[in-house]
Amino acid sequence: MTLHEHDVIVVGAGGAGLRAAIAAHEEGSDVAMVTKLHPVRSHTGAAEGGINAALRDGDDWELHAYDTMKGSDYLGDAPAIETLAQDSPEEVIQLEHWGMPFSREEDGRVSQRPFGGLSFPRTTYAGAETGHHLLHTMYEQVVKRGIKVYDEFYVSRLAVTDHDDPEERSCHGCVAYDIKSGEIVGFRATDGVILATGGDGQVYDHTTNAVANTGDGPAMAYRAGVPVEDMEFVQFHPTTLPSTGVLISEGVRGEGGILYNREGERFMFEYGYANNAGELASRDVVARAELTEVNEGRGINDEYVYLDMRHLGEERIVDRLENIIHLAEDFEGVDPLVEPMPVKPGQHYHMGGIETDENGETCIEGLYAAGECACASVHGSNRLGGNALPELIVLGARAGRHAAGTDLGEAGVPTGPSAKSEDETDLDTPVQPGALDVDDSDVAADGALVEPIDVVEHAVEAERERVRQLLERDGTNHAEIREDLQKAMTENVNVFRNEDGLKRALEVIRECRERYQDVAVSDPSRTFNTDLIHTIETRNLIDVAETITLGALARNEFRGAHWRQEYQERRDDEWLKHTMIAWNDGSPDLYYKPVILEGENKEYEPKVRSY
Amino acid sequence: MSTQITETETETETESTHQKRRLAEKHARADMRERAKADLSEAEESVKIKVFRYDPEVEGKKDPRFDTFRVPFTKGMTILDALIYARDHFDSSLTFRHSCRQAICGSDALFVNGRQRLGCKTQMSDLEWPVRIEPLPHAEVVKDLVVDMEHFYDQMESVEPFFQTNEIPSGELEEQRQTRENREKVKMSTRCIWCAACMSSCNIAAGDNEYLGPAAINKAYRFAMDEREGEEMKEHRLNIIEQEHGVWRCQTQFSCTVVCPKDIPLTEHIQELKREAVKSNLKFW
Ligand SMILES: Cc1cc2nc3c(=O)[nH]c(=O)nc-3n(C[C@H](O)[C@H](O)[C@H](O)COP(=O)(O)OP(=O)(O)OC[C@H]3O[C@@H](n4cnc5c(N)ncnc54)[C@H](O)[C@@H]3O)c2cc1C
Ligand code: SF4
Ligand code: FES
């Protein structure tokens, strides 16, 4: 059995993973990265807008923290939000010192620009490709330090001890499938495993996320016993291209782009969705308006609406929005100087994720998470534009340092089932959620496995058996299951949510789980078997989809990105709490823990979120 | 192995030997095809793609061949969309790298109708049909459209592809200054997504395995031209690209510049480095 041993293993090499690895390395750890894509292929590269950081006179971290708390609709935890706001200036300057090609002011300092929901123009950017530069700059630092990268290794299971109480479990490593050779290998981490697997937009059939964003991290951590937090909060972007999900930035509407329906009506005004702000209303308002138009038969091809910028004139478009012309031409085959662009809402960002504290640590000893897969929680129910990238570098660095053994002080955010304040007792689900077979859990279940090496070896064996079965047995292809799951999620757990739809989604998810029992991989090859990888991913999508839907069904209010037809108000008296779901060895347990509004110097008072 | 083989057609409609695995699987595939056919009859048009297939491990695929798939054409369809359709509806073993679908991850540089292109950035409607899709030439094929990227990565990493300077300001939260002009100067060079299309198109690289190649030289350019690194470091960088298998190998054929999906003026950058190298050599003469 091939077994690699390192002090710290980082799973995923996007912005969060790279930052974590560099931090652990700087603390003297032997750190290795294990990633299913080569680092520069990670989806961090797709971020365009920028990184929020209070760098300038007139701005300070407290303002950034305040904006973030308000944007979160008071569902973020103050210790995490304040850490983000305090550490991001230093982290951004660190990126500059590593050579990141930020856009510049006349005086040679890095440029910042205004972004939605910010009280100060603190979004630091590098052209329209901030994420690309952030990703490449950090990968360069990884190369410089000679940090070992196992690229095209798909991590499919964590090696965690099997204590009954998840808070007593320890993580000793993980198992990965070497995509090129087909070998299943063990990774033993003496000091910690950091999950940095990114988003999970593939739960939906239309998303700005990459094909590789399949929620592997949250699904693996969840099945190993770490609760997932606030999963119902999913951000949708109102202007994505219908055929691919490529994002058309807010900039187009900012410059005066107009949305209209099939009848040529400027519906944002015509139907009163936002009489003042019109096209510039917030993301969720515009997304709901577009879908209403389509649902009421005023969409084009029953699918999308038009975003028109022709009236701005060629000169202005070329000057300010040149990259949009290329995006529309390359990915939709539309010349936006000649015709309007088709757009529709698409899944964009997942606020929820693996529960961690502000040091990136989960309730399982030795298991950390950072980046979009984690929930600390800094975004609460709604992420502000420009706040995800600082999260990658701030929390990535902290997780890396902590895993490497640096004392970061006691965390302010409690984790694990012991943080529970309240059980959800009357959630009415049409079908039983969770595993079909209660033993279906990723922790070793054959007695007290405590020797680290045994735990890893056991996990490798279990994974070999699973892969052997998938390759050898007869059955259906996963692609249909994935497609049906994605459709059900888009139909029912979208920007519009109501009880009936959510219950229908749970039924479909259950069916998908049942069909998955018979799934098989038809490509018999060990070499680069993407059929196998995608099949394993589909199981993760099912688990993630279920937690999103359960959370959405439980939360009887409208807060941030979570809209419920029956409950049109934010209800602070009852809902200033995080929705937590623990796998509980296959029969999911839904409970709550309180939001922390108590900051370092002040208490955040919930206010109406209006801009 | 090389991808330059004569075309032997195998329609997916005919069962090839290695796919006769089990009855149940056949049923599943038949189902898949039914679904696909239903889609096909609805679609107004369909397009044929001829895709290179090879798997060193699987009977029937050890000898490279082309499979033809007929996929429904929709407006806005890219090469990558067509491949995904064929994989998800006809043959789940069809293998290619892809992730972002928006020309930023650099995973899917392919050889399409005889030219290096990014699958996700190439509209089907811009090509002559049927469309022929092959792995990148001059690289080892791992399976189907997947090539071994190790050599490309090695070249990229051989030019010290990381920022180095002795001039970090000491003030707290103080950045290094950079003029707008200088940022503009390096801008195009920083756009590289490591897709390897340029390397694959380059005749010199094909003949000299140690040639750094356009992308790695461009990476060196990105740092050599960045004023924040300082003059001393620039000398060091020029030494790196002046080595035997460096800039002087380039014969300005422009093939890399033509295929680069990020429109990086590679040949110009290489030429400029040659001039800089000459200048700096004169200085020390
Ligand atoms: C189009 C777009 C624009 C955006 N713009 C902005 C913006 O302007 N500002 C902002 O702040 N945020 C923005 N965001 C959000 C932000 O970019 C993402 O949240 C962030 O980049 C996620 O980074 P990450 O490191 O968590 O994950 P990723 O960069 O997605 O990396 C995930 C890594 O995990 C690896 N991985 C996944 N699963 C496995 C597995 N099973 N085994 C091994 N490895 C695995 C992958 O290989 C990859 O390396 C944008 C997002 C999108 C989609
Ligand atoms: S220089 Fe252009 S063609 Fe070459 S690897 Fe970079 S992006 Fe691809
Ligand atoms: S899929 Fe990422 S570049 Fe084409």
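What share of the 285 residues in chain B is buried? Buried residues, meaning those under 20% relative accessible area (exposed is over 50% and partly exposed in between, with a 1.4 Å probe and protein chains only), make up 58% of that chain. This is a predicted model, in which local features need pLDDT of at least 70 and side-chain atom pairs count only at pLDDT 80 or more, while totals for chains, interfaces and linings use all residues. Residues are numbered from 1 along each chain as its sequence is written, chains are lettered from A and ligands numbered from 1 in the order in which they are written, and side-chain values use heavy atoms, with hydrogens and water left out.

Chain B contains ten helices and eight strands, where helices (H or I, at least four residues) and strands (E, at least two) are DSSP runs numbered from the N terminus. Among its contacts with a separation of 6 or more, 69% are between residues 24 or more positions apart, a contact being heavy atoms within 4.5 Å. Helix α10 of chain B, residues 266-283, has 18 residues that should span 26 Å at 1.5 Å a residue, and this agrees with its end C-alpha atoms, which are 26 Å apart; the expected span is 1.5 Å times one less than the number of residues. The buried residues of this helix include B:Leu266, B:Ile270, B:Leu273 and B:Ala277, but also B:Glu272, B:Lys274 and B:Glu276. Together, the buried residues of α10(B) pack against α4 (180-187), α5 (197-201), α7 (214-224), α8 (231-241) and α9 (255-259) of chain B.

In soluble globular proteins, nonpolar side chains tend to be buried together. A nonpolar core is here a set of buried Ala, Val, Leu, Ile, Met, Phe, Trp, Tyr and Cys residues joined through side-chain atoms within 4.5 Å. The largest such core has 142 residues, and B:Ile49 and B:Leu83 are the ones that touch the most other members. Neighbours within four places in sequence aside, the contacts of B:Ile49 include B:Phe69, B:Leu83, B:Met124, B:Val131 and B:Ile133, as well as B:Asp67 and B:Thr68. Apart from this core lies another, of 57 residues, among them A:Leu506, A:Ile548, A:Leu550 and A:Ala554.

The empty space can be followed next. On a 1 Å grid over the protein atoms alone, a cavity is a set of points where a 1.4 Å probe fits but cannot get out, whereas a pocket is an open set with protein on both sides within 12 Å along at least five of seven lines, and lining residues have an atom within 4 Å of a point. Grid points are joined across faces, edges and corners, and a volume is the space filled by probe spheres set on the points. The second largest pocket has a volume of about 1,800 Å³, and of its 43 lining residues A:Asp205, A:Pro242, A:Ser243, B:Thr74 and B:Tyr85 lie nearest its centre. The elements that give two or more residues to this lining are β14 (341-350) and α12 (478-492) of chain A, with α1 (23-42) and α2 (79-89) of chain B.

The structure also holds 13 cavities of 30 Å³ or more. The largest cavity encloses about 270 Å³ and is lined by 19 residues, with A:Lys36, A:Leu37, A:Phe528, A:Thr530 and B:His98 nearest its centre. Helix α14 (residues 530-554) of chain A gives the largest share of that lining, four residues. The second largest cavity encloses about 120 Å³, and among its 13 lining residues B:Arg97, B:Ser107, B:Asp108, B:Ala109 and B:Val147 lie nearest its centre.

Some backbone details remain. Most residues other than glycine have a negative phi, and most peptide bonds are trans. A cis peptide bond nevertheless joins A:Ala376 and A:Ser377, with omega about 0 degrees, and A:Ser377 is in the loop between β17 (374-375) and α10 (388-403) of chain A. The bond from B:Trp129 to B:Pro130 is also cis, with omega near -10 degrees, and B:Pro130 lies in the loop between β5 (115-118) and β6 (131-134) of chain B. A:Asn301 has a positive phi of about 55 degrees and, at 60% relative accessibility, counts as exposed. B:Thr252, in the loop between α8 and α9 of chain B, has a positive phi near 45 degrees and is partly exposed, with a relative accessible area of 31%.
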